[in-house]
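Colleague: I have the model open and want to go through its architecture with you. Please keep the answers short and end each one on the result.

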Amino acid sequence: MRYLNLCSHMLLLLALIILSGCASTASRTFKTAEKLEREGKYEEAMYSYAESFKSDPTVNEPRIRFLNTRQKAADQRYDQGMALVGKGNHAAALQEFHVAQGIDPTQDRFKQQIEISTRYKDAQQAFQEGQNFEKGNKLKDAHRQFIKAAELFPKNSEYQAALDRIIQLRKSKLDGYELRMKSVKPITLKFKDAKLKDVFNILAQLSGINFVFDEGIKDTPISILIENASFQQALDLLTNMNKISAKNLNESTVLLFLNTPEKSKQYDDMVLRTFHLNYMDAKKAINLIRTLVQVRKAYVNEDSNSIVVRDTEDVVAVVEKILDANDLPEAEVVLDVEVMEISDKNAENIGLLLSNYNVQLGGFTNSGKPLASSLSAATTTSTSSGTTTTTAATVDNLARVFSAKGFGGYVTVPTATFNLAKSLAKGEVLSNPKIRVKNKEKSKFNVGTRVPITTTTLNGTVSQVNVQYVDVGVKVNAEPTIQLNNEISIKLNLEVSSILTKEKVGGDGLTTVVTIGTRNIETVLSLKDNETSVIGGLIQRSESTDKTKLYLLSDIPLIGPLFTNTNSSKDKTELMLAITPRLIRGISVPLPGLASFGSGKEDHPSLVRPLSSFDQEAVFEVDTQPKAVEKKVAVPQVPAKKIEAPVSGIVAPAAQTALAAPPAQPVQKKPETVAVKPASVPSSPLIPVPAQVQRSLLQIAAPSSVAVGQQFSIDIKISDVNDLANAPFVLTYDPVFVDFVSISEGAFLKKDGKATTFSSKADSATGTVSVSFARAAGNGGVSGGGSLATAAFRAKNQGPASFAFRNAAFTSSYGLSLNILPFSTAVDIR
């Protein structure tokens with residue numbers, strides 16, 4: 001016995017030591033965490049608080065400190081990432097944002113910044129690859145990478161400058177070959193009713209590129225006038241005017257054939273491409289493609305949700321961009337719903353209460369039998385079985401009033417109870433479902449029980465019991481619609497039901513009737529992400545007061561309430577609903593290069609715009625020291641006709657002869673006009689090289705970043721302009737991220753105090769502001785630089801908001817077009 005007592009004492013001591021050790025460990029780690037938090041080491045402090053709470057879960061303070069420190073640690077990582085973004089190190093910034101999201105995954109801003117930094121990192125990688133291609137003289141691949149970098153990060157001036165540079169450096173090209181020309185000097189063609197093949201022969205002698213004609217090309221007469229053009233511009237103009245397609249055979253030979261379906265089948269190379277879709281259904285995708293583009297052959301693989309397309313490279317490239325713009329993840333949201341039913345009951349039962357408010361007098365025979373049957377039955381309880389049975393009253397249950405000649409008179413005596421009861425009751429029923437649902441999909445959530453209701457059917461002597469179930473509880477039906485600005489519109493239907501009564505009916509008592517009380521809410525809400533809407537006021541009140549009085553005595557003043565029984569009750573039930581949408585994934589918007597892009601002609605889809613060589617100014621090799629050019633060209637005897645020919649050659653249409661000057665001679669930008677004589681052609685005069693055309697810069701001065709909801713201004717400036725009198729342009733912006741507020745005229749056009757006219761028209765649907773400036777007639781123009789206008793915008797969504805110009809057609813006071821170079825920019829909305 002003593003040994004057992006000793007063991008129990010030792011076990012108790014050991015338990016106390018363990019508990020004190022746990023408590024000391026929790027206290028020690030908590031103090032360490034506080035020290036780390038004061039030093040700014042929030043991540044280490046967060047883990048120490050978690051360890052302290054794990055050691056002693058009964059103390060809540062470490063848990064609260066853990067949550068606060070976790071937010072600080074995540075914000076610290078986020079700030080470090082933003083600092084790296086400012087330095088241009090997007091790869092390292094992306095790692096910081098991933099760590100921040102891992103620490104606190106509840107904040108959506110980390111996820112959004114991860115998407116932005118991923119795009120910036122890909123842009124940086126594409127830019128570096130483009131630079132490597134440019135160093136290796138692979139201009140086509142470099143051009144493609146620079147376009148990708150500029151689309152992913154439009155506001156980066158370095159990427160835009162690299163793209164402009166590579167466009168200037170690229171040589172004329174067709175298909176997959178870079179053409180190697182003998183000369184890239186300007187070409188001037190002036191022909192009237194000349195033969196088509198003669199014109200191509202002249203172009204071949206000027207550029208050193210050989211042309212091979214398909215048998216279907218006819219030598220029809222054409223007229224053309226083009227000055228100071230590049231080889232690519234001249235070739236594009238000739239092929240488009242005559243419905244001819246060109247295909248490179250090698251670096252110095254181009255095949256020309258008619259642009260007809262038969263010839264396209266004969267010469268066009270076919271490409272087979274399989275597109276695997278991540279989110280879009282393959283059947284819907286093929287319907288979209290066939291609606292927009294005429295695809296020769298396409299197949300839908302439903303098992304792998306992919307599309308196989310076989311067509312030309314241009315058509316396949318257009319299909320790829322269409323799919324990239326539409327194969328986007330669907331938006332999702334979590335609906336956090338809280339349903340609360342609060343009940344409050346207050347009941348009072350005070351005063352004198354009698355079992356019966358009457359007295360009955362009855363007579364009985366000497367044998368104890370009642371003379372009348374108007375007396376109430378008495379209720380007794382059998383202690384053996386515990387069941388309640390009802391028996392008739394006897395004289396033993398009554399008070400004897402008189403006795404005469406064997407007959408007796410008896411009277412009933414009611415019992416009296418004085419109540420002093422008051423009861424208070426409060427209740428709360430809570431349901432907190434969380435439903436994750438896709439955009440524009442219906443979701444249902446039921447919490448409760450299924451109550452059986454029985455009915456009995458008699459068929460002769462056979463009875464059949466039918467059971468039907470009714471759902472009782474909380475039913476939530478929600479259908480969210482996620483908007484582009486991350487607002488969520490919710491069609492909500494809520495039903496709360498409960499069983500009020502349940503009873504048996506029918507002669508056999510086999511049929512159950514249930515009374516169910518329901519309350520419904522049906523509404524449409526428009527909420528922002530993490531915004532909570534509370535719907536209340538569904539209150540049900542009931543009040544009742546019952547009084548039972550004793551005749552005459554209850555009406556006596558002062559003492560009357562002592563002979564009155566008062567039973568009163570107040571019931572109140574309120575139904576409240578709180579719903580909070582938490583956005584998992586917003587509406588995905590394709591990049592600007594995917595949302596809108598050139599798709600070629602109706603009968604020839606292509607990402608290369610027809611005559612796209614005219615989009616950029618041609619860059620030529622110009623001699624720094626111009627020399628006189630003297631040429632003597634002999635032509636055969638032809639009828640006298642005056643024609644204009646390019647500087648390096650003359651064509652005689654009647655004889656179908658084209659002659660070119662030796663390649664060693666320098667070519668000037670201005671063409672020569674030479675009269676053709678039967679025997680010879682005079683030499684050309686000395687022509688100086690014209691001065692380089694001055695270009696004015698149209699720029700946007702804007703803040704680098706603004707906060708959501710903040711209003712900011714951008715300043716539209718012009719520099720190095722001469723004699724500016726009219727300045728119409730279209731300012732484009734991204735309506736997804738900003739809203740247009742207003743635009744006002746700047747001080748540049750009216751700096752000399754003379755009158756000007758100003759007008760603007762905004763279109764929020766397309767994200768454009770059409771602006772027109774003009775000085776009054778006779779006031780001349782202004783020169784120099786300054787502010788043209790100031791536009792105000794309001795930031796509404798996080799992301800890069802781009803601003804650019806379109807249709808900038810500036811003219812001087814003499815109506816001459818001014819050479820304007822517009823720039824674009826972007827503002828980071830945070």
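**Helices, sheets and a covered strand**

Modeller: Start with a helix pair. Helix 2 passes helix 3 in a left-handed crossing. Bear in mind that this is a predicted model.

Colleague: At what angle do the axes of helix 2 and helix 3 cross, and is the pair roughly parallel or antiparallel?

Modeller: Helix 2 spans residues 42-55 and helix 3 spans residues 61-87. Their axes come within 8 Å and cross at roughly 160 degrees. Angles over 145 degrees count as roughly antiparallel. Therefore helix 2 and helix 3 are roughly antiparallel.

Colleague: Which residues of helix 2 meet helix 3?

Modeller: On the helix 3 side, the partners include Pro62, Phe66, Thr69, Ala73 and Arg77. Arg63, Arg65, Arg70, Lys72 and Gln76 of helix 3 also take part. The helix 2 side consists of Tyr42, Glu43, Ala45, Met46, Tyr49, Ala50, Ser52 and Phe53.

Colleague: Is Ser48 buried or exposed, and which residues beyond its sequence neighbours does it contact?

Modeller: Ser48 sits in helix 2. Its relative accessibility is 12%, so Ser48 counts as buried. Leaving aside neighbours within four places in sequence, its contacts are Thr29, Ala33 and Leu36.

Colleague: How many residues of helix 9 are buried?

Modeller: Helix 9 covers residues 231-241. Its buried positions include Phe231, Leu235 and Leu238, along with Gln232, Gln233 and Asp236. Ala234 and Thr239 are buried too. The helix is largely enclosed by the rest of the structure, because the buried count is 8 of the 11 residues.

Colleague: Which residue with a positive phi follows helix 9?

Modeller: Look just past the helix for the backbone angle. The phi there is near 55 degrees. The residue is Lys243.

Colleague: What is the strand order of the mixed sheet, and which strands form its edges?

Modeller: This open sheet has 3 strands with mixed pairing, in the order 4-7-6. Each edge strand pairs on one side only. Neighbouring strands are turned by 30 degrees against each other on average, direction ignored. The edges are strand 4 (210-213) and strand 6 (244-248).

Colleague: Which helix packs on that sheet?

Modeller: The helix touches strand 4, strand 6 and strand 7. Its direction makes about 155 degrees with that of strand 4. It is helix 8, residues 196-207.

Colleague: How do strand 6 and strand 7 run, and what is the bridge partner of Ser245?

Modeller: Strand 7 covers residues 253-258. It is joined to strand 6 by 5 bridges, and the two run antiparallel. Within strand 7, the partner of Ser245 is Phe257.

Colleague: What is the strand order of the antiparallel sheet?

Modeller: This is an open sheet of 3 strands. Strand 8 (270-276) and strand 9 (297-301) are its edges. Neighbouring strands are turned by 15 degrees against each other on average, direction ignored. The order is 8-10-9.

Colleague: Which residue of strand 10 stands opposite Val300?

Modeller: Strand 9 and strand 10 (residues 306-312) pair in the antiparallel sense. That pairing extends over 5 bridges. Opposite Val300 in strand 10 stands Ile307.

Colleague: Which helix lies across strand 8 and strand 10?

Modeller: This helix runs at about 150 degrees to strand 10. It covers residues 313-326. It is helix 12.

Colleague: Which residues of strand 32 are buried on each side?

Modeller: Strand 32 covers residues 729-733, and 5 of its 5 residues are buried. In a regular strand, side chains alternate between the two faces of the sheet. Here both faces are covered. One side has Phe729, Leu731 and Tyr733, and the other has Val730 and Thr732.

Colleague: What are the bridge partners of Leu731 and Val730?

Modeller: Strand 32 is joined by 4 bridges to strand 35 (residues 768-775), running antiparallel. It is also joined by 4 bridges to strand 37 (residues 799-806), again antiparallel. In strand 35, Leu731 has Val769 as its partner. In strand 37, the residue opposite Val730 is Arg806.

Colleague: Now the whole protein. What share of the contacts links residues 24 or more positions apart?

Modeller: The protein has 13 helices and 40 strands. Of its 830 residues, 36% are buried. Among contacts with a separation of 6 or more, the share from residues 24 or more positions apart is 69%.

Key: Residues numbered from 1 in each chain as written. Predicted model: local features only at pLDDT ≥ 70, side-chain atom pairs only at ≥ 80, totals over all residues. Heavy atoms only, no water. Buried < 20%, exposed > 50% of the residue type's maximum accessible area, 1.4 Å probe, protein only. Contact = heavy atoms within 4.5 Å. Pairing = 2+ DSSP bridges. Axes fitted to C-alpha atoms, helices over the stretch in contact; angles between N-to-C directions. Parallel < 35°, antiparallel > 145°, perpendicular 65-115°, else oblique. Left-handed = near helix turned anticlockwise from the far one by under 90°.
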